Amino acid sequence: MKRYILFAIMLLVTTAAHAELPQIAALGKQASKQKDVEHMSVGSFMLGMAETFAEKEQRATFKMLDNIEIIESQNTTYAPTLVARAKSIAEEVGAEYIGGKDDGKALNELYGIKKGDIVTELIIITRNHTGEASVVVMSGNISLSRLAEIEKIKR
């Protein structure tokens, strides 16, 4: 499973953040009780630090974000439950399906709460072909035309 640059920052800074979608924070707290499941919150302070250390091209991307919630499950038994619950939450909050992509290693599905051409909540559900899963929720003001920049954060 791809590791996020933000994961490294999380190890260095231990300040917790509050999710814009409390259902996702609650899911993360509940999921982290399972074996091989991690939940991380990245707030505006940590995103500011990430922006400082990011490459010049990625700094504008970090400025669009206010909060990120990451739930990663290497527990292949629990992963389907995590995916089902995340999709249920996306439906509950009125997020609409933006698109999906199977890169040969994983299926990525994007859902978003939009206000015009701005996504205020971006929900990314990833299911690896090996059975692992992750849910990433990004809060902020993300222009639809700049969604491709979000993918670059993972590298």
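## The sheet

Two strands count as paired here if DSSP finds at least two bridges between them. With that in hand, take a look at this predicted model: 6 strands form an open sheet, running in the order S1-S2-S6-S5-S4-S3 with antiparallel pairing. Strand S1 (37-42) and strand S3 (96-102) are the edge strands, each pairing on one side only. From one strand to the next, the twist averages 15 degrees.

Let's zoom in on one pair. Strand S2 (residues 65-73) and strand S6 (residues 133-143) run antiparallel to each other and share 8 bridges. If you want a spot to start from, Asn67 has Ser139 in S6 as its bridge partner.

## Helices on the sheet

Two helices are worth finding next. Helix H2 (residues 22-31) packs on the sheet and touches S1, S2 and S6, with its direction at about 30 degrees to that of S2. Helix H5 (residues 79-92) also packs on the sheet. H5 touches S2, strand S4 (106-115), strand S5 (118-128) and S6, and its direction makes about 160 degrees with that of S5.

## The two sides of H2

H2 has four names to look up on its buried side: Ile24, Leu27, Gly28 and Ala31. Seen down the helix axis, these buried residues fall within an arc of 100 degrees, so they line one face of H2. That fits a general rule: an α-helix has 3.6 residues a turn, so residues three or four places apart point the same way.

What covers those buried residues? The cover includes S1, S2, H5 and S6. Turn to the face of H2 that points away from the buried side and you'll find the exposed residues Pro22 and Lys29.

## A buried spot in S2

Back in strand S2, have a look at Ile68. Its relative accessibility is 0%, and buried means under 20%, so Ile68 counts as buried. Ile68 and Val136 sit 68 residues apart in sequence, yet their C-alpha atoms are 6.9 Å apart in space.

## The chain as a whole

Now step back. The protein chain has 6 helices and 6 strands, and along the sequence they follow the pattern α-α-β-α-α-β-α-β-β-β-β-α. Of its 155 residues, 48% count as buried.

Among contacts in the chain with a separation of 6 or more, 64% come from residues 24 or more positions apart. As for the outside, the chain's accessible surface comes to about 8,200 Å², and carbon and sulfur atoms account for 52% of that.

Terms used. Residues are numbered from 1 along each chain as its sequence is written. This is a predicted model: local features need pLDDT of at least 70, side-chain atom pairs count only at pLDDT 80 or more; totals for chains, interfaces and linings use all residues. Side-chain values use heavy atoms; hydrogens and water are left out. Axes are lines fitted to C-alpha atoms, for helices over the stretch in contact, and angles run from 0 to 180 degrees between N-to-C directions. Contact means heavy atoms within 4.5 Å. Buried means under 20% relative accessible area, exposed over 50%, partly exposed in between (1.4 Å probe, protein chains only). Accessible areas come from the Shrake-Rupley method with a 1.4 Å probe; for residues, only the protein chains shown count as cover. The arc is that of the directions from the helix axis to the C-beta atoms.
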